[in-house]
Amino acid sequence: MPRDHASARPSQDPSAERRVAPALLAWYDRHRRELPWRARAGETPNPYRVWLSEVMLQQTTVVTVGPYYARFLERWPTVEALAAAQLDEVLHAWQGLGYYARARNLHRCAKAVAAEHGGRFPSSEEGLLTLPGIGGYTAAAVAAIAFGAKATPVDGNIERVVARLFAVETPLPAAKPELKRLAGQLTPETRAGDFAQAMMDLGATVCRPKAPLCLTCPLTRLCAARAQGIAQTLPRRSPKRARPQKHGVVFWIRRPDGAVLMQRRAEEGLLGGLMEFPSTGWREAAWNAKEAIKSAPVEAEWHALPGVVQHGFTHFDIDLTLLVGDVPARTKLDGVWVKPTDFGGQALPTLMTKVARHALGVLAGEGAAPVKARKTAKKKMASS
DNA sequence: GAACCGTGGGG
DNA sequence: TCCCCAAGGTT
């Protein structure tokens, strides 16, 4: 469907575009949020802190990032300190935050800045783009916020604000180039960093995905979607593919001293570099015990643990059942033996934290297993 | 372009 | 309960 040119303009007024940035910056000066990584008005931003926060904030909420940011900054106050850390330390500190490639790239980036840039981040978008884990959004964000460059980061918030302001009805992700172009047109010559943060604040607190607060929005008179009464329906999105359900069987292997076998996952891919309990592959077809045991790392007398651990990833759901096996002391296997009291010292993804909690709860003989898991377990056991 | 890559909270 | 989605990047 063709888009007429009138839609590429906020409201019918041709001068509206030029009024967006002044109106938004005036609003920002009054409603500016205090965030841990945000320099106060008049203070010089610290590029390391801006970069660290921007990477943590990728696809992650402000509330979630808060404590992680504080811990990272205390432990590694400078990019050189972070560069000197071990990758496993960084992964462990990142535990629970998700998208673990960010942690690996964060570490690589710190090393690159320390070793190849004298400990100073490049100040241009182009320079920043060459670093690991820094893509179009983060390069523009750091350039604008930390270095005052005229750059236009476009995140989910800004996509939404711009889609509404210009009533762009093209669905995402196809609309991304157009939204980026339109956002660039709005960016002022000065205060580009404040403008970007103002757009993001507006998207987070006023121009929200659902139930936008158009009555209190500083741009409401300039908003084409508001004029057409379609603000809440934008941006449109192309339908997403359904998430398949996968299944796996975990081998909970115990030594007489109570230690359990853990292994490190491959560096690349899902949960890369993190620790896990050994398991079968994760596939869409269900496993039966006899088949699963073929992929056990050791021979043992296996006992099925009641219950199931369920978890959702971005692109598939998974349920894990557990087989418990006891092996003699001195059993030699790939991996590390870890006592449950030391699980906290390992970089475990949330899925494996759930596995550990479930196993320890059931094996302790009390009702630590989630009620939901028990119900599902009964159903599954009855059908198998 | 499309798939892959986590997690937690809110409606 | 289920779906949405959050300051995206890499392949």
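## DNA strand B and its surroundings

Ala, Val, Leu, Ile, Met, Phe, Trp, Tyr, Cys and Pro count here as nonpolar; Asp, Glu, Lys and Arg count as charged; the others, Gly among them, count as polar. On that basis, the surface near DNA strand B comprises eight nonpolar, 10 polar and two charged residues. The model is predicted.

In total, 20 residues surround DNA strand B. The closest are Leu271, His311, Thr314, His315 and Thr350. Which parts of the strand face the protein? Sugar and phosphate make up 61% of the atoms of DNA strand B that come within 4 Å of the protein.

## Phosphate contacts

Three polar pairs to phosphate oxygens of DNA strand B can be described one by one. Tyr100 places a polar side-chain atom 2.8 Å from a phosphate oxygen of the strand. His315 also uses its side chain: a polar atom there lies 2.5 Å from a phosphate oxygen.

Leu271 takes part through its backbone. A polar backbone atom of Leu271 is 2.5 Å from a phosphate oxygen of DNA strand B. Both Leu271 and His315 are listed among the closest residues to the strand.

## Cis peptide bonds

Leu172 and Pro173 are joined by a cis peptide bond, with omega about 5 degrees. Where does Pro173 lie? Its place is the loop between α9 (156-165) and α10 (176-186).

A cis peptide bond also links Leu234 and Pro235. Here omega is about -5 degrees. Pro235 sits in a loop too, between α12 (224-228) and β1 (245-254).

## Positive phi outside glycine

Gln59 is not a glycine, yet its phi is positive, at about 55 degrees. The residue belongs to the loop between α2 (47-56) and α3 (62-75). Is Gln59 buried or exposed? Its relative accessible area is 71%, and the threshold for exposed is over 50%, so Gln59 is exposed.

Ala167 is another residue other than glycine with a positive phi, near 50 degrees. Ala167 lies in the loop between α9 and α10. That loop also holds Pro173 of the cis bond. Relative accessibility of Ala167 is 3%. Buried means under 20%, so Ala167 counts as buried.

The two positive-phi residues can be set side by side:

| Residue | Phi | Loop | Accessibility |
|---|---|---|---|
| Gln59 | about 55 degrees | between α2 and α3 | 71%, exposed |
| Ala167 | near 50 degrees | between α9 and α10 | 3%, buried |

Notes. Residues are numbered from 1 along each chain as its sequence is written. Chains are lettered from A and ligands numbered from 1 in the order in which they are written. This is a predicted model: local features need pLDDT of at least 70, side-chain atom pairs count only at pLDDT 80 or more; totals for chains, interfaces and linings use all residues. Side-chain values use heavy atoms; hydrogens and water are left out. A residue is near a molecule or strand if one of its heavy atoms lies within 4 Å of it. A polar contact is a pair of N or O atoms within 3.5 Å; within protein, one must be able to donate a hydrogen and the other to accept it, and residues adjacent in sequence count only if both atoms are side-chain atoms. Helices (H or I, at least four residues) and strands (E, at least two) are DSSP runs, numbered from the N terminus. Buried means under 20% relative accessible area, exposed over 50%, partly exposed in between (1.4 Å probe, protein chains only).
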